[in-house]
Amino acid sequence: MKYRYPQLNAEMPCKEDVLKLTPNPAVGELVQRLAEEGVETYLDRFDAQQPLCGFGLSGLCCQRCLWGPCRIGPRALRGTCGADVNLVIIGNLLRGMAAGCAAHGRHAQEVIETVIGAAEGRIDFPILGEERVLDLAR
Ligand code: SF4
(Lines give C-alpha, C1' and ligand atoms only; values in the text may rest on other atoms or scores of the structure.)
Protein backbone atom coordinates (compact mmCIF):
# COMPACT_ATOMS: atom_id res chain seq x y z
CA MET A 1 0.00 0.00 0.00
CA LYS A 2 1.18 3.48 -0.78
CA TYR A 3 0.41 6.58 1.26
CA ARG A 4 -0.87 9.36 -0.96
CA TYR A 5 -0.20 13.01 -0.27
CA PRO A 6 -2.28 15.11 -2.68
CA GLN A 7 -0.90 18.28 -1.05
CA LEU A 8 2.56 17.34 -2.32
CA ASN A 9 1.39 15.50 -5.45
CA ALA A 10 3.42 12.60 -4.12
CA GLU A 11 3.16 9.18 -2.56
CA MET A 12 5.36 7.14 -0.26
CA PRO A 13 5.50 3.36 0.06
CA CYS A 14 4.53 1.59 3.28
CA LYS A 15 6.94 -0.84 4.97
CA GLU A 16 5.56 -3.82 3.06
CA ASP A 17 6.07 -2.03 -0.28
CA VAL A 18 9.57 -0.88 0.62
CA LEU A 19 10.51 -4.50 1.28
CA LYS A 20 8.94 -5.61 -2.02
CA LEU A 21 10.60 -2.83 -4.02
CA THR A 22 14.11 -2.88 -2.60
CA PRO A 23 16.57 -4.46 -5.07
CA ASN A 24 18.83 -5.66 -2.26
CA PRO A 25 17.63 -8.92 -0.64
CA ALA A 26 19.85 -8.24 2.36
CA VAL A 27 17.57 -5.34 3.33
CA GLY A 28 14.57 -7.66 3.58
CA GLU A 29 16.54 -10.18 5.64
CA LEU A 30 17.80 -7.45 7.95
CA VAL A 31 14.37 -5.92 8.48
CA GLN A 32 12.82 -9.35 9.12
CA ARG A 33 15.54 -10.19 11.63
CA LEU A 34 15.05 -6.88 13.42
CA ALA A 35 11.29 -7.52 13.56
CA GLU A 36 11.91 -10.97 15.09
CA GLU A 37 14.16 -9.32 17.68
CA GLY A 38 11.46 -6.75 18.44
CA VAL A 39 13.58 -3.87 17.15
CA GLU A 40 11.62 -0.96 15.72
CA THR A 41 12.90 0.67 12.52
CA TYR A 42 12.09 3.91 10.70
CA LEU A 43 9.73 1.87 8.50
CA ASP A 44 7.61 0.94 11.54
CA ARG A 45 7.67 4.50 12.84
CA PHE A 46 6.74 5.94 9.44
CA ASP A 47 3.75 3.55 9.16
CA ALA A 48 2.67 4.45 12.71
CA GLN A 49 2.63 8.16 11.79
CA GLN A 50 0.02 7.71 9.04
CA PRO A 51 -2.06 9.53 8.07
CA LEU A 52 0.19 12.57 8.24
CA CYS A 53 -1.42 15.86 9.16
CA GLY A 54 -2.69 17.74 6.09
CA PHE A 55 -1.89 21.11 7.65
CA GLY A 56 1.71 20.11 8.18
CA LEU A 57 2.01 18.60 4.71
CA SER A 58 0.68 21.82 3.18
CA GLY A 59 3.01 24.02 5.20
CA LEU A 60 -0.02 25.56 6.92
CA CYS A 61 0.94 24.62 10.46
CA CYS A 62 3.04 27.20 12.27
CA GLN A 63 4.98 26.30 15.41
CA ARG A 64 7.28 29.28 15.56
CA CYS A 65 6.11 30.41 18.97
CA LEU A 66 4.31 29.05 22.02
CA TRP A 67 0.98 30.68 21.09
CA GLY A 68 0.69 27.88 18.55
CA PRO A 69 0.77 25.59 16.91
CA CYS A 70 -1.59 27.54 14.67
CA ARG A 71 -3.27 25.94 11.67
CA ILE A 72 -4.28 28.22 8.82
CA GLY A 73 -7.48 27.15 7.07
CA PRO A 74 -11.08 28.16 6.38
CA ARG A 75 -11.85 28.29 10.12
CA ALA A 76 -8.89 30.53 10.94
CA LEU A 77 -7.30 32.64 8.21
CA ARG A 78 -4.65 33.97 10.59
CA GLY A 79 -2.58 32.61 13.42
CA THR A 80 -2.92 34.00 16.91
CA CYS A 81 -0.23 36.62 16.16
CA GLY A 82 -1.98 37.67 12.94
CA ALA A 83 0.28 35.79 10.52
CA ASP A 84 -1.62 34.95 7.33
CA VAL A 85 -1.11 31.98 5.00
CA ASN A 86 1.74 33.68 3.11
CA LEU A 87 3.67 34.56 6.24
CA VAL A 88 3.23 31.09 7.73
CA ILE A 89 4.37 29.32 4.57
CA ILE A 90 7.40 31.56 3.91
CA GLY A 91 8.27 31.45 7.60
CA ASN A 92 8.22 27.65 7.54
CA LEU A 93 10.35 27.59 4.38
CA LEU A 94 12.91 30.05 5.77
CA ARG A 95 13.08 28.24 9.08
CA GLY A 96 13.58 24.92 7.28
CA MET A 97 16.35 26.40 5.13
CA ALA A 98 18.07 27.94 8.15
CA ALA A 99 17.94 24.62 9.99
CA GLY A 100 19.23 22.78 6.92
CA CYS A 101 22.10 25.27 6.46
CA ALA A 102 23.00 24.96 10.13
CA ALA A 103 23.02 21.16 9.94
CA HIS A 104 25.09 21.07 6.75
CA GLY A 105 27.35 23.83 8.03
CA ARG A 106 28.32 21.48 10.82
CA HIS A 107 29.31 18.84 8.26
CA ALA A 108 31.38 21.43 6.41
CA GLN A 109 33.11 22.42 9.65
CA GLU A 110 34.04 18.80 10.32
CA VAL A 111 35.45 18.40 6.80
CA ILE A 112 37.47 21.60 7.15
CA GLU A 113 38.84 20.58 10.55
CA THR A 114 39.78 17.17 9.15
CA VAL A 115 41.57 18.66 6.14
CA ILE A 116 43.45 21.16 8.35
CA GLY A 117 44.36 18.41 10.81
CA ALA A 118 45.64 16.22 7.98
CA ALA A 119 47.60 19.11 6.44
CA GLU A 120 49.21 19.88 9.81
CA GLY A 121 50.00 16.20 10.39
CA ARG A 122 47.86 15.93 13.53
CA ILE A 123 45.58 13.35 11.90
CA ASP A 124 46.70 10.26 10.03
CA PHE A 125 44.43 10.93 7.07
CA PRO A 126 45.87 10.98 3.57
CA ILE A 127 44.66 13.82 1.35
CA LEU A 128 43.89 12.31 -2.05
CA GLY A 129 43.31 14.77 -4.82
CA GLU A 130 44.83 18.19 -4.33
CA GLU A 131 42.32 19.73 -6.76
CA ARG A 132 39.41 18.58 -4.63
CA VAL A 133 40.92 20.20 -1.56
CA LEU A 134 41.42 23.45 -3.45
CA ASP A 135 37.81 23.29 -4.71
CA LEU A 136 36.64 22.79 -1.16
CA ALA A 137 38.73 25.73 0.06
CA ARG A 138 37.27 27.96 -2.65
S1 SF4 B 1 1.08 31.76 13.61
FE2 SF4 B 1 1.95 33.29 14.97
S3 SF4 B 1 1.04 32.83 16.95
FE4 SF4 B 1 0.76 31.00 15.72
S5 SF4 B 1 2.56 29.74 16.19
FE6 SF4 B 1 3.05 30.95 14.37
S7 SF4 B 1 4.13 32.72 15.16
FE8 SF4 B 1 3.03 31.80 16.88
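Arg95 sits in helix 5, and in this predicted model its relative accessible area is 46%, which makes Arg95 partly exposed. Follow the chain from Arg95 to Val115 and you cover 20 residues in sequence, while the two C-alpha atoms end up 30 Å apart in space. Helix 5 itself runs over residues 85–119, and Ala108 is another residue found there. Ala108 also counts as partly exposed, at 36% relative accessibility. Its C-alpha lies 26 Å from that of Ile90, with the two positions 18 residues apart along the chain.

Now jump back to helix 2, which covers residues 25–36 and so has 12 residues by the DSSP-run bookkeeping. How far does helix 2 reach from its first C-alpha to its last? The span is 17 Å, close to the 16 Å you would expect at 1.5 Å a residue. At the N-terminal end, helix 2 is capped by Asn24: one of the side-chain oxygens of Asn24 lies 2.9 Å from the backbone nitrogen of Ala26. After the other end comes Gly38, with a positive phi near 75 degrees.

A positive phi also turns up at Asn9, and here the residue is not a glycine: the value is about 50 degrees. Asn9 belongs to the loop between strand 1 and strand 2, the latter being residues 10–13. Is Asn9 buried or exposed? With 75% relative accessibility, it counts as exposed.

Strand 1 brings us to the aromatic rings. A pair of rings is described by how far apart the centres are and by the angle of the planes. Applying the pairing rule here gives a count of 1 aromatic pair. That pair is Tyr3 with Phe46, at 5.9 Å centre to centre and 70 degrees between the planes. Why edge-to-face? The angle is 70 degrees, and planes over 60 degrees apart go into that class, so the label follows directly. Tyr3 is in strand 1 (residues 2–5) and Phe46 is in helix 3 (residues 42–48), so the contact ties together parts that are 43 residues apart in sequence. The two partners fall into separate accessibility classes: Tyr3 is buried, with a relative accessible area of 13%, whereas Phe46 is partly exposed at 23%. The cut-off for buried is under 20%, so Phe46 misses it.

Past helix 3, have a look at the backbone. The peptide bond from Gln50 to Pro51 is cis, with omega near -5 degrees. Pro51 is found in the loop that links helix 3 to helix 4 (54–58). A cis bond also leads from Gly68 to Pro69, this one with omega near 5 degrees. Pro69 has its place in the loop between strand 3 (61–62) and strand 4 (70–71).

There is a cation–ring arrangement to check as well. The charged end of Arg71 sits over the ring of Phe55, 5.2 Å from the ring centre.

That leaves the ligand. Which residues surround the ligand? The shell consists of Cys62, Arg64, Cys65, Trp67, Gly68, Cys70, Gly79, Thr80 and Cys81. Gly68, then, is part of this shell and also leads into the cis bond to Pro69. By residue class, the shell divides into 5 nonpolar, 3 polar and 1 charged. If the nonpolar number looks odd to you, remember that Cys counts as nonpolar here and Gly as polar, so the cysteines go into the nonpolar group.

Terms used. Residues are numbered from 1 along each chain as its sequence is written. This is a predicted model: local features need pLDDT of at least 70, side-chain atom pairs count only at pLDDT 80 or more; totals for chains, interfaces and linings use all residues. Side-chain values use heavy atoms; hydrogens and water are left out. Rings of Phe, Tyr and Trp (its six-membered ring) pair if their centres lie within 6.5 Å; planes under 30 degrees apart count as stacked, over 60 as edge-to-face and the rest as tilted. Helices (H or I, at least four residues) and strands (E, at least two) are DSSP runs, numbered from the N terminus. Buried means under 20% relative accessible area, exposed over 50%, partly exposed in between (1.4 Å probe, protein chains only). A charge sits over a ring if NZ of Lys or CZ of Arg is within 6 Å of the ring centre and within 35 degrees of the ring normal. The expected span of a helix is 1.5 Å times one less than its number of residues. A polar contact is a pair of N or O atoms within 3.5 Å; within protein, one must be able to donate a hydrogen and the other to accept it, and residues adjacent in sequence count only if both atoms are side-chain atoms. A residue is near a molecule or strand if one of its heavy atoms lies within 4 Å of it.
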